[in-house]
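Thank you all for coming; I would like to take a few minutes to walk through one model with you.

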Amino acid sequence: MSDAFADAIKLQQQMLDAQKASIADTRATLEQASRDIAEANLEAMKAWARVWNVWL
């Protein structure tokens with residue numbers, strides 16, 4: 001029979017590892033979304049400048 005305490009610690013470690021992986025994936029997704037938004041904002045500002053004949 002295995003030690004219940006050791007099994008509980010092992011389970012907690014596995015849960016923590018899964019949570020860390022999930023956080024890393026979320027962070028990468030958010031960073032990419034932030035870059036995409038910044039690029040879209042820049043393109044919108046350039047379009048606005050062209051409409052008003054202002055050069056950036």
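I will go from the overall form to the two ends of the helix and then to the surface.

Please keep in mind that this is a predicted model, in which local features need pLDDT of at least 70 and side-chain atom pairs count only at pLDDT 80 or more, while totals for chains, interfaces and linings use all residues. Residues are numbered from 1 along each chain as its sequence is written, and side-chain values use heavy atoms, with hydrogens and water left out.

The secondary structure comes to one helix and zero strands, helices being DSSP runs of H or I with at least four residues and strands runs of E with at least two, numbered from the N terminus. That helix, α1, has 48 residues and reaches 70 Å from its first C-alpha to its last, close to the 70 Å expected at 1.5 Å a residue, where the expected span is 1.5 Å times one less than the number of residues. The C-alpha trace of the chain spans about 80 × 10 × 10 Å along its principal axes. Of the 56 residues, 2% count as buried, and V54, in the segment after α1, counts as partly exposed because its relative accessibility is 36%; buried means under 20% relative accessible area, exposed over 50%, and partly exposed in between, with a 1.4 Å probe and protein chains only.

At the start of α1, a side-chain oxygen of D3 comes to within 3.2 Å of the backbone nitrogen of F5. At the other end, α1 is followed by N53, which has a positive phi, near 55°.

Definitions and conventions
A polar contact is a pair of N or O atoms within 3.5 Å; within protein, one must be able to donate a hydrogen and the other to accept it, and residues adjacent in sequence count only if both atoms are side-chain atoms.
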